[in-house]
Amino acid sequence: MARAAKYVGHRTRSKEGPRHVSGQGNYTDDFILPGMLHAVIIRSPYAHARIKNVDPRAALETPGVIAVIIPEELKQKTKPFKPGRYAAGLRKPIPEYASAIDKVRYVGEPIGALAARDRGTAEDALELVSVDYEPLPPVTDTKDAVGPDSPLLFEDLGSNLAWKGSLTYGDIDGAFREADTVVRDKFKIHRYSSTPLETLACIASFDSASRKLTVWINAQVPEVIYDALRETLGLEDVRIIIPDIGGGFGQKIHLIRKYAVLTSLLALKTQRPVKWVEDRSEHMMAAGHSCAQEFDVEAAVKKDGTVLGLKFKEIDDVGGSVSTLTIHFTNKLNNLSNTYKVKNISLEGCSVVTNKCPVIPNRGIGKPAMCFIWERIMDRISRELELSPIEVRSINLIQPKEMPYTTPSGNIYDSGDYPSLLKRVIEKIGYDKLREEQRSEREKGRFLGIGVVIGVEPGGRNAARDMAIFPEMKESPGAGGVNGATIKIEKNGTLSLLLGSPNCGQSHETTTGQVAADILGIGPEHISVSTPFDSDLSPWGTAAANSGNNFHLYDIGAVHGAATKLKTKILTLAGHILQTDPAKLSIENATVQALGSPKKKITFAELGRVAYGNQSLMPEGFEAGLQATHYYTFPHAEPNMVPGQDRRIRAQFTFSAASHAAVVEVDPQTGKVEVLRYLIISDNGTIINPDVVNGQIYGSAAHGISVALGEGFVYNSEGQLLTVTLTDYGKSSTVETPKIEIEHRPSVSPFTTLGQKAAGEGAAIPSPAAIASAVEDALQPFGVEVRDLPLTPEAVWHLLQEAKRNDS
Amino acid sequence: MKQVVRVKINGSLYEEDVEPRILLSHFLRETIGLTGTHVGCVIGECGACTVILDGRLVKSCLLLAVQIDGKEILTVEGLAKNGTLHPIQEAFVKAYGIQCGYCTPGMVLATHYLLTKNPDPSEAEVRKGLAGNLCMCTGYMQIVEAVKTAAESLKNG
């Protein structure tokens, strides 16, 4: 930008805030359409059972009940979902419909839907739908699931081991041959979720005259819903409207499509609008969980701590669907190297289907686990080689002078000074002093622990990533990404901005307003950013996704591009009217001003009147109107945008990073962990809005800490979910959530429009590892080793008992 | 059998026929049309539906609409006066104590109640005062900041 930014990088008033504090946010459940019916979902109470018969007659005889959809009808009237990229790697097609057809594979799996005039009537009638099940033995453990006698979830697959694959980068055998020592351990990440406060919701309305289906839905990725409805219902004309979303974090990307189809099918059948709103227990049971992942990790290490190679085997418990079979494995490619210059890495994965809720994308998908692998093994190396954990990390860090740095798997790290992030976190937390305090407090029987970790936060999705793992993919998933934005000056001078993607609370309106304001010389308060997302109007591409940390790259790029195009148009028109060379014009406060001629000026309102209504004042060849649309693609996406024989791929395009330090106190009597301090030194590139970026960091860190200390889904051996409420699930409140401190040390990205990098899921990636490290450090005198989360008081107490037993 | 409920909401009087099983949260949203009261769990865990009933902080999903006959309710829509945000609302906007906005109405009302009872709360008191309201987005830092700012502004206002 030619002039210093007035708005980018500065505090500015939130655009979304005023409507939310006044209760004027517009969420899907807030909309009421004339004649609207209310849907409820018929769900399985069994983890594994054959559906022998569904009899809805008694329900249909209830006054006010209008329609029921049962599996048989669903199979007749819809097609299965097309296996998307999330199902890449499936060795045999397994048709998946919006509801179960002949078998249920998890508690809460939909087997149909019912619509009535009001929700209460619908819920009452649900009790009257008679389903005849033949219960089957549930499969709840990945080891048992692959045993020879295990019942099969999908008979057609012939095994519950639904996928197996591997990748190697560099000379992994050479690395292990040259190693002075091999450090090994096993780690686990459990099932959790981000439990958005607003559950899934959808309204479908079908205009039978024009055969147009309009769906209001709180979905994060419009493409998923758009494709699902067109493919399963065979409709051409589908419109997706996405109003305010009450939190997403990945939970509203994938399984929500089932409910869009069921609700729409009811709308088609009844010829009336239908609303469906999920309740909390349905959300916990069936909206999707992150994947429980088990790892067998080995690091080839030199005596000084240099890591020559890392190899790990992964077992993913993907639950009762094959539609997201490999996402937690494929996402390891995004941060496979973390911040380390290790040249040789190999990974082997397998996905096991079990009778649990299907896994879905959730804040970072496999990335928190990848960081957990690295940071836990770094702590193991430190212990085995008797080196400080800081030293072991430092010696392996990619150096700033190596940026942009290409990792062995082909990621190109755009910028970052990892040594300074690590150094600063040590300095600011007062590491040496804390070590002294730890020693002296231990003597008094207080157990303090310090965990220091580092991690990257990849941003901006590359659609071609999965081709690295599945070169046999028949249909190209695309490559790079595309998203658009439209900006216009209306005839009265109002500036309005239409974004190409929905948002679920990341202040997209505020941030994009700041970017456009700087380019167009108008205060962000005068820019009207349109909501909701509307597939008929919004300029969207496949990167129109509240996912993959896409916003900073694709949306900011698109808004910047559109505003720059509009500026050229404004100056061309103004130059013609003012009879001045456009290069000698500037824009300030919605007025175009000729440099050096104070009287030669024209306002946006005056320009608007000309552009939309006075042909005589337009220059020759000028396209009337003052609007511009820009579709952004990342201009530096090569090399490694599409994988070659070497399977090297840029899984994502920008790399934020952060060091985290956690100070905890553990009560060895009760196992309770208290976080005393939590510090993050963060590099998110150019910060567009400091309050927004801080909010993203605070929120993602708090989630990761809560995941490490208590959150999690628990199933019993029958496959019944025991954690169907937020309390049972263990969500942290204001009282358990620690204070989080942030310091920014941005390294500007040389590749992006304003030097920006991602901020969204970032702090959720290293935080589970930071807590694990700190708790282990606190309990070092007892010989406790942390391999598994969550570290609930009960879990920590068991670790202590186990350590005592091993000791004696 | 529907029952008549007379209730004052944000200063206006309503008289409505309601089914006895309708929850207060749904009555406010669907019968009265005040959709700022959100619903996140319907069992009193999340606090999104928090309102103030005769000066007490309540979760409207834990009450039936018929229980509020003759009472007075303040919802988030009743805070701003003549188009000007209440100082608590203003503090939430300024401090970015908002992300997706779903918990916000409940948080704002819980803050209102807290500051009525304790105009100068410590950080621990703020956190305790908001412990019945979950937020999945913010990590609570900017919300706590907003409450402190609101307390200051109410003291000086």
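## Exercises on a predicted two-chain model

Pro532(A) lies in the loop that links strand 21 (527–530) to strand 22 (533–534) of chain A. The coordinates used throughout these exercises belong to a predicted model.

### Exercise 1. Cis peptide bonds

Determine which peptide bond leading into Pro532(A) is cis, and find where Pro790(A) is placed.

Solution. Begin with the bond that runs from Thr531(A) to Pro532(A), which is cis, its omega being near 0°. Then turn to the bond from Leu789(A) to Pro790(A), which is also cis, with omega near -5°. Finally, locate Pro790(A) in the chain: this proline sits in the loop between helix 20 (767–778) and helix 21 (793–807) of chain A.

### Exercise 2. Positive phi outside glycine

For Arg211(A), state the phi angle and decide whether the residue is buried or exposed.

Solution. The phi of Arg211(A) is near 55°, which is a positive value in a residue other than glycine. Its position is the loop between strand 9 (201–207) and strand 10 (212–217) of chain A. To settle the exposure, count neighbours: a residue is exposed if 12 or fewer other C-beta atoms lie within 10 Å of its own, and Arg211(A) has 11, so this residue is exposed.

Ala590(A) can be treated in the same steps. Although Ala590(A) is not a glycine, its phi is positive, at about 60°, and its place is the loop between strand 23 (585–588) and strand 24 (591–594) of chain A. Here the count is 19 C-beta neighbours inside 10 Å, so Ala590(A) is classed as partly exposed.

### Exercise 3. Helix 7 and its surroundings

Check the span of helix 7 (residues 222–233) of chain A against 1.5 Å a residue, and then establish what covers its buried residues.

Solution. The expected span is 1.5 Å times one less than the number of residues, so the twelve residues of helix 7 of chain A should span 16 Å, and the 16 Å between the end C-alpha atoms agrees with this. Next, list the buried residues of the helix, which are Pro222(A), Val224(A), Ile225(A), Tyr226(A), Ala228(A), Leu229(A) and Thr232(A). Their cover includes strand 10, strand 11 (237–242), helix 8 (256–270) and strand 22 of chain A. After the helix comes Gly234(A), with a positive phi near 65°.

Two of these buried residues can be traced further, since Ile225(A) and Leu229(A) are among the residues that Val215(A) touches, when residues up to four places away in sequence are not counted. Val215(A) also touches Cys202(A), Ile203(A), Ala204(A), Ile240(A), Ala260(A) and Ser264(A) under that condition.

### Exercise 4. The two sides of helix 21

Find which residues of helix 21 of chain A are buried, and which are exposed on the other side.

Solution. This helix has 15 residues and reaches 21 Å from its first C-alpha to its last, close to the expected 21 Å. Its buried residues are Ala795(A), Val796(A) and Leu799(A). Viewed down the axis of helix 21 of chain A, the buried residues fall within an arc of 100°, and therefore they line one face of the helix. An α-helix has 3.6 residues a turn, so residues three or four places apart point the same way. On the other side, His798(A), Gln801(A) and Arg805(A) are exposed. The cover over the buried residues includes strand 27 (652–666), strand 28 (673–683) and helix 20 of chain A.

### Exercise 5. The nonpolar core

Name the residues with the most contacts inside the largest nonpolar core, and the helix that gives the most to it.

Solution. The largest nonpolar core contains 311 residues, and those with the most contacts inside it are Leu114(A), Ala115(A), Cys202(A), Val215(A) and Val775(A). Helix 16 (residues 551–578) of chain A gives the most to this core, contributing 14 residues. In soluble globular proteins, nonpolar side chains tend to be buried together.

### Exercise 6. Chain B and its contact with chain A

Describe the order of elements in chain B, and work out how the side of chain B that touches chain A is composed.

Solution. Chain B has five helices and five strands, which run β-β-α-β-β-β-α-α-α-α from the N terminus. The contact takes 41 residues from chain B and 43 residues from chain A. On the side of chain B, the elements giving two or more residues are helix 2 (87–94), helix 3 (104–117), helix 4 (123–129) and helix 5 (141–156). The residues of that side divide into 25 nonpolar, eleven polar and five charged.

How values were computed. Residues are numbered from 1 along each chain as its sequence is written. Chains are lettered from A and ligands numbered from 1 in the order in which they are written. This is a predicted model: local features need pLDDT of at least 70, side-chain atom pairs count only at pLDDT 80 or more; totals for chains, interfaces and linings use all residues. Two residues are in contact if their C-beta atoms, placed from the backbone, lie within 7 Å. Helices (H or I, at least four residues) and strands (E, at least two) are DSSP runs, numbered from the N terminus. Ala, Val, Leu, Ile, Met, Phe, Trp, Tyr, Cys and Pro count as nonpolar, Asp, Glu, Lys and Arg as charged, and the others, Gly among them, as polar. A nonpolar core is a set of buried Ala, Val, Leu, Ile, Met, Phe, Trp, Tyr and Cys residues joined through C-beta atoms within 7 Å. A residue is buried if 20 or more other C-beta atoms lie within 10 Å of its own, exposed if 12 or fewer, and partly exposed in between; C-beta atoms are placed from the backbone. The arc is that of the directions from the helix axis to the C-beta atoms.
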